[in-house]
Amino acid sequence: MSNPIFNSQAFPSQFKERERRRFYMSDQGTVTEQPRAQHPGAGPSYAQQHGMPGQQAPGADQLHQMYGQPSPTGQDLGRMTYDEVIRKTLISFVVVLVGAGISVTAGAMSFGLASGLMLLGVLGGFALGMVNAFKREPNPALILAYSAFQGLFLGGISMFLEYQFPGIVLQAVLGTAIVFASVLVLFRSGKVRATPKLNKMFMVAGLAYLVFCLVNFGLMMFGGTSSMFGLRTEFSPWIGLAIGALAILLATYSLVLDFTNIQEGVEAGVASKYSWAAAFGLTVSLVWLYIEILRIIAIIRSMAE
């Protein structure tokens, strides 16, 4: 059945089959108009005879080259890939190291200046961490700003503890690298996986630990405790070790969640921009893990002295 619109009077006469003007091109390149009295199907059109103007049929070599090209990768298609996550995570950690270098350089000139930068890093890192965590779309500038603030804090606390316990920074870095590598190997082998039940336990324990850290930070800032690590070691260093062990377990499981999110994102073919969210998650987990290992080593070494 023909379309009733084209059979109506809504279109001018040039759209009617008998009134259409037809043009043909000769082999010499001249264009001639077919007389209207001639039947529309009297002869083949130029496109039927020679193909579309300016186009040639592809040869065998061209077809072979077209079909021999490699398949597009996830990056070519604008999707998140493992390589892209690694690159953006490395960029984030370079910014962390730059921030740490600024604090260490300032500390070489004045401990007071380093303390101010460390406090700025704590407050700025916490604020931007919350902003990035609850944003629907990742923002690379905010993520890198978070990394810079965390670097200021890490540089300051690492310098102070290194001054008290020589070699502690290297110990904490090695400990963090060992935990990270172990979790990665176990995750890739399938022996460690995130589960809904563990996720709920992690959320509850993580929220409780965050509240404890905020209260402890407030007491340390306003003189509510005289201990170096606040309530962690106020009554007994063993309490600090127990809290530190729990925190390391939480940070370790946070890495498992990061690996799970990255794997699911790559397999689902999510947009490339979410590789920044994956880089942010890894940065948060590794910085958290480093701080907890650094602190627990400091408590152990203070007990041994």
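In the predicted model, S103 is located in helix α3. Its relative accessible area is 0%, and S103 therefore counts as buried, the cut-off being under 20%. Leaving aside residues up to four places away in sequence, the contacts of S103 are A114, L117, G151, L152, G155, G156 and M159.

Helix α3, which spans residues 82–109, also holds one of the salt bridges of the structure, formed by the side chains of K88 and E84 with an N to O distance of 3.0 Å. The two residues are 4 positions apart within α3, so about one helical turn separates them. Both partners fall under the 20% cut-off for burial: K88 has a relative accessible area of 13%, and E84 has a relative accessibility of 7%.

A search of the whole structure returns 3 salt bridges. Another of these joins R295 and E292, whose side chains meet at 3.0 Å, N to O. R295 and E292 lie 3 residues apart in helix α9, and the separation therefore amounts to about one helical turn. R295 is buried at 16% relative accessibility, and E292 is buried at 2%.

A further salt bridge pairs E137 with K273, with the closest N and O atoms 2.6 Å apart. E137 belongs to the loop between α4 and α5 (140–164), whereas K273 belongs to the loop between α8 (237–268) and α9 (275–304); the pair therefore ties together parts that are 136 residues apart in sequence. E137 is partly exposed, with a relative accessible area of 38%. K273 is likewise classed as partly exposed, at 40% relative accessibility.

At the level of the whole chain, the protein contains 9 helices and 2 strands. Their order along the sequence is β-β-α-α-α-α-α-α-α-α-α, with the strands preceding the helices. Of the 305 residues, 32% count as buried. Among contacts in the protein with a separation of 6 or more, 72% are between residues 24 or more positions apart. The accessible surface amounts to about 19000 Å², and carbon and sulfur atoms contribute 66% of this area.

Part of the surface forms a nonpolar patch of about 740 Å², made by F126, M130, F134, L207, L210, V211, L214 and V215. Two elements, α4 (111–134) and α7 (196–221), each give two or more residues to this patch. The largest share, 5 residues, comes from α7. M130, one of the patch residues, is placed in helix α4. The relative accessible area of M130 is 34%, so this residue is partly exposed and satisfies the requirement of over 30% for patch membership.

Helix α7 also contains buried positions, including F202, Y209 and N216. The cover over the buried residues of α7 includes α8 and α9. The length of α7 was compared with the span expected at 1.5 Å a residue: the 26 residues of the helix should span 38 Å, and the end C-alpha atoms are 37 Å apart, which agrees. Following α7, G223 has a positive phi, near 75°.

The corresponding comparison for α8 also gives agreement. At 1.5 Å a residue, the 32 residues of α8 should span 46 Å, and the distance between the end C-alpha atoms is 46 Å. Just after α8, G269 adopts a positive phi of about 70°.

Key
Residues are numbered from 1 along each chain as its sequence is written. This is a predicted model: local features need pLDDT of at least 70, side-chain atom pairs count only at pLDDT 80 or more; totals for chains, interfaces and linings use all residues. Side-chain values use heavy atoms; hydrogens and water are left out. Buried means under 20% relative accessible area, exposed over 50%, partly exposed in between (1.4 Å probe, protein chains only). Contact means heavy atoms within 4.5 Å. Accessible areas come from the Shrake-Rupley method with a 1.4 Å probe; for residues, only the protein chains shown count as cover. Patches are made of residues with over 30% relative accessible area and no salt bridge: like charges are joined within 9 Å, nonpolar side chains (Val, Leu, Ile, Met, Phe, Trp, Tyr) within 5 Å. A salt bridge is a side-chain nitrogen of Lys or Arg within 4 Å of a carboxyl oxygen of Asp or Glu. The expected span of a helix is 1.5 Å times one less than its number of residues.
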